[in-house]
Number of protein chains: 2
Amino acid sequence: MAENKIIESMLRRKSIRKYNDRIPTEQEITDIVRAGQQAPFAAQLCSVMLSRKQGHTPFKAPLLFTICIDAYKLEAVMAQRGWSMKANNLFMFFFGLQDAMLVAENMVNAAESLDMGSCFIGMSPNRIKVTVDNYKLPKRVFPAVQLTVGFPDENPPPRPRYPIDFFLFEDTYPELNDEAVVQAMKVMDDGYLAQDYYRRANFMVKLEDDRKETFDFDSYGWTEHMGRKWGQWFSDMDEMLEVMRYCGFAIDEKNRSGQQDEK
Amino acid sequence: MAENKIIESMLRRKSIRKYNDRIPTEQEITDIVRAGQQAPFAAQLCSVMLSRKQGHTPFKAPLLFTICIDAYKLEAVMAQRGWSMKANNLFMFFFGLQDAMLVAENMVNAAESLDMGSCFIGMSPNRIKVTVDNYKLPKRVFPAVQLTVGFPDENPPPRPRYPIDFFLFEDTYPELNDEAVVQAMKVMDDGYLAQDYYRRANFMVKLEDDRKETFDFDSYGWTEHMGRKWGQWFSDMDEMLEVMRYCGFAIDEKNRSGQQDEK
């Protein structure tokens, strides 16, 4: 590949969980957010909340952005023109989450270009609720993901990804036989083990239901980590339905008919 | 702002709907997809489908990418380690859509860096179904968005965005009074009208229910366009629930208990 600073920056990017004390300037914050804002959109269904309480942010990052799905603003705009929202809550959520995540990834890349690092914080239903209360988010605003940003105090390598032939398919989604799956797993596990990722993080997901531990940091790789997370956690859909209702995006049958009354 | 090619590229970016005949090389395609793949992720819950049937793609683009939520691959990986998916379908969909959209936005930026342009195609429930059938996507793969890519044969200006003080909020989500809303609307409407956006596209959303047309291309701006779309369209949540079920992500009460049987 010819020299391409933009693609190289994306290929080099990794999550940063240690930050030094340098505080980003107002201009740097504006640059990051404006780059986010210019991402393509369905209806600008996004707002960004900022916290600068360094002692209280994850990883003590100087900046914590919360990227939100925002239908509240759109509805305020529509009301000025005599329109009220007809689109259903699930569709709003689907398109709003798209808008928000495009913004978020531009912010990641803008931060990199300013020599900063970043790390996404995934949102559990409980964390969503706390965030709504903390920022006093109105109904129809849903905090989708958080992003810590600051100047890095660590320099880990970029993390492995599946082989591209396990990710990009032309014309027809192929039969993924055991061999292809095992090969992709090996790339991921060998890669994470070579970086000593979980030992450095000192973290293995605990086994539930009396399952016996047979792994240590010499054998615990990415695929075992994924299996334990997704094979043990997040089983309760009602929690997620409830937090969507809490944010004014009810989609469960009992409640969604009230979608217009909740605002 | 000091010269920053990455942020400048994001600020300059606009959707391209006319492409010339130059065909991107295999290397260029790989560069775009690899940049997408390196986006941060929850669990690499994404696959990308590619079409190169230029006569049959939207805007006759040389490349059409379909960025999919993919839980099928993760489940294949988990099965090799003796795990089965416990996470509920709504949560999988929530995190999968995040992974997919981060990938998508990196692909947008990578294409820009290679002097190409791109345009997102939003997915209606019907388009999702057709796409699933067309690419023979297995259950647990959900086509989230499509992206046309190619070398541009037009050079429109970047499109307006809300004022940043209508987008970025610190510590507390503010009361948005009429004045703030009207000011943000003016920025958007004046901006789109100055670019003659809808006249050039020759498109106004039709009014339903015997509403009388009072706009023309001198007055029809972005906020009226948004009001008509979101105030008239996408009302039927069942269509979306059904297509999620069709893709193996049932979340409606009647069907979601069968989530594990559908694979």
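Salt bridges between chain A and chain B come to 7 in this predicted model. One of these salt bridges links the side chains of E224(A) and R81(B), with 3.9 Å from N to O. Polar contacts add to the picture: 50 residue pairs across the two chains are in polar contact, counting pairs with both residues at pLDDT 80 or more. On the chain A side of the contact, α4(A) makes the largest contribution, with 18 residues. Taken by residue type, that side of chain A splits into 79 nonpolar, 26 polar and 26 charged residues.

So much for the charges; now the extent of the interface. Here 131 residues of chain A touch 131 residues of chain B. Interface size is often quoted as the accessible area that is lost when the parts come together. For chain A and chain B the buried area is about 11800 Å², and carbon and sulfur atoms account for 66% of it. Three aromatic-looking names turn up here: W83(A), F167(A) and W230(A) provide 8% of what chain A buries against chain B, more than any other three residues.Helix α4 of chain A (residues 89-113) also packs against a helix of the other chain. The axes of α4 and helix α9 of chain B (residues 237-246) come within 7 Å and cross at roughly 60°. On the α4(A) side the contact is made by N89(A), L90(A), F91(A) and F94(A), which meet M237(B), M240(B), L241(B) and M244(B) of α9(B). By type, the residues of this contact are 7 nonpolar and 1 polar, with no charged ones.

The two chains also share a sheet. Strand β5 of chain A (residues 168-170) pairs with strand β1 of chain B (residues 46-51) in the parallel sense, over 3 bridges. Within this pairing, L168(A) has V48(B) in β1(B) as its bridge partner. The sheet is open and holds 5 strands, in the order β5(A)-β1(B)-β2(B)-β4(B)-β3(B), with mixed pairing. Because β5 of chain A and β3 of chain B (117-121) stand at the edges with a single partner strand each, one side of each is left without a neighbour in the sheet. From one strand to the next, the twist averages 25°.

Further into the chain B part, strands β2 (residues 63-70) and β4 (residues 141-150) run antiparallel and are joined by 8 bridges. One such bridge has C68(B) partnered with P143(B) in β4(B). Helix α2 of chain B (residues 26-37) lies across β5 of chain A together with β1, β2 and β4 of chain B, and runs at about 30° to β2(B).

Technical notes. Residues numbered from 1 in each chain as written. Chains lettered and ligands numbered in written order. Predicted model: local features only at pLDDT ≥ 70, side-chain atom pairs only at ≥ 80, totals over all residues. Heavy atoms only, no water. Axes fitted to C-alpha atoms, helices over the stretch in contact; angles between N-to-C directions. Helix = DSSP H or I, 4+ residues; strand = E, 2+ residues; numbered from the N terminus. Contact = heavy atoms within 4.5 Å. Nonpolar A, V, L, I, M, F, W, Y, C, P; charged D, E, K, R; others polar. Buried area = accessible area lost by both parts, 1.4 Å probe. Salt bridge = Lys/Arg side-chain N within 4 Å of Asp/Glu carboxyl O. Polar contact = N/O pair within 3.5 Å; in protein donor to acceptor, adjacent residues only side chain to side chain. Pairing = 2+ DSSP bridges.
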